[in-house]
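This briefing introduces one protein chain to a reader who is new to structural work. Please look over the sequence and the structure before reading the points that follow.

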Amino acid sequence: MSGGAGFIGSHLCEALLAEGWQVLAVDNLLTGSRSSLGSLQGRPGFEFLEQDVTVPFEVEGRLEAVLHFASPASPPSYIRHPVETLKAGTIGTLGLLDLARRQSARFVLASTSEVYGDPLVHPQPESYWGNVNPVGPRGCYDEAKRCAEAFTMAYHRAHGLDTRIVRIFNTHGPRMQPEDGRAVPNFMAQALRGEPLTVYGDGSQTRSLCYVDDLVRGVLSVLESGDSMPYNLGNPVEVTVLELAETIRRLTGTGSSIEFRPLPEDDPKQRRPDITRARAGLGWEPEVSLEAGLERTLAYFREVLVA
């Protein structure tokens, strides 16, 4: 799987190994980290290859599935690496689709809720085409993922390739980087350091946060029993960013204040998945509550920032 040293990718590698798969994790470590794979190194059935997926490569042996999770995923990361982000979603997707085709392997694309842009439909079902600014600062990520979906469906229709698409909504958990730039790691790192929690805009914009274990269960369900059309994977429980900041302040016991800053360009005002399709077709829905998930993520941040 590509992006195997990333936040979600490393958790997927663990889950796949636990399911009895042999796993080759491919990552160029642009935003991933070898430390995320520390518990997997040396385990039977696991191998790591440091490789840029936008550069053609071959894999020895038989592949049953190709999972494409390689891409910067947080706004600071893809704004800092816009060309690399576009190449991962376009050239990288094309190369891995060709690899899957040569191997007659199943292909799973990690897409994103960002294909919906700043949505005009709420909550967002898979049938919504989105409201994306292609020339804005987030366009490199949004449009790369939209192109990746188009490539995936083209290979499915033209070549009969067995493909899957998962649209991942906001996810959190252990192994997120403290400097990731998204709300949960930002607030937790700031609270644990005694710094003000930075809320962009007035904090009324909403997010729906899924714990990583639930997300991984969903991806595995799509891999094993899904079909070729996209699946939203996320938690439909919606909170405002300000409510999230207040919850994290309470859980950390910090005395940090909240500091308001201007809202970044094209920042989505609302984000909540319609998971009707995943519930009906996969029998999947999140099981970990928002607060329980935040407590687990916070335990990790305490370990890496306070220990």
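**Briefing on the chain**

The chain contains 10 helices and 12 strands. The model is predicted. The points below treat the whole chain and then one helix.

**Overall dimensions**
- A compact globule of 307 residues would have a radius of gyration near 19 Å, and the chain agrees with this because its own value is 19 Å.
- The C-alpha trace spans about 55 × 45 × 40 Å along the principal axes of the chain.

**Burial and contacts**
- Of the 307 residues in the chain, 54% are buried.
- When contacts between residues at least 6 apart in sequence are considered, 79% of them join residues at least 24 apart.

**Surface and charge**
- The chain has an accessible surface of about 13,100 Å², and carbon and sulfur atoms account for 50% of this surface.
- The chain carries 29 positive and 39 negative charges, and the mean positions of these two groups lie 1 Å apart.

**Helix H7**
- Helix H7 covers residues 212-225, which is 14 residues.
- From its first C-alpha to its last, H7 reaches 20 Å, close to the 20 Å expected at 1.5 Å a residue.
- H7 is mostly covered, with 10 of its 14 residues buried.
- The buried residues of H7 are Val212, Asp214, Leu215, Val216, Gly218, Val219, Leu220, Ser221, Val222 and Leu223.
- In general, residues three or four places apart in an α-helix point the same way, because such a helix has 3.6 residues a turn.

Key:
Residues numbered from 1 in each chain as written. Predicted model: local features only at pLDDT ≥ 70, side-chain atom pairs only at ≥ 80, totals over all residues. Heavy atoms only, no water. Helix = DSSP H or I, 4+ residues; strand = E, 2+ residues; numbered from the N terminus. Rg over C-alpha atoms; globule rule 2.2 N^0.38 Å. Buried < 20%, exposed > 50% of the residue type's maximum accessible area, 1.4 Å probe, protein only. Contact = heavy atoms within 4.5 Å. Areas by Shrake-Rupley, 256 points an atom, 1.4 Å probe, with all protein chains shown as cover. Lys, Arg positive; Asp, Glu negative; His and termini not counted. Charge placed at Lys NZ, Arg CZ, Asp CG, Glu CD. Expected span 1.5 Å × (residues − 1).
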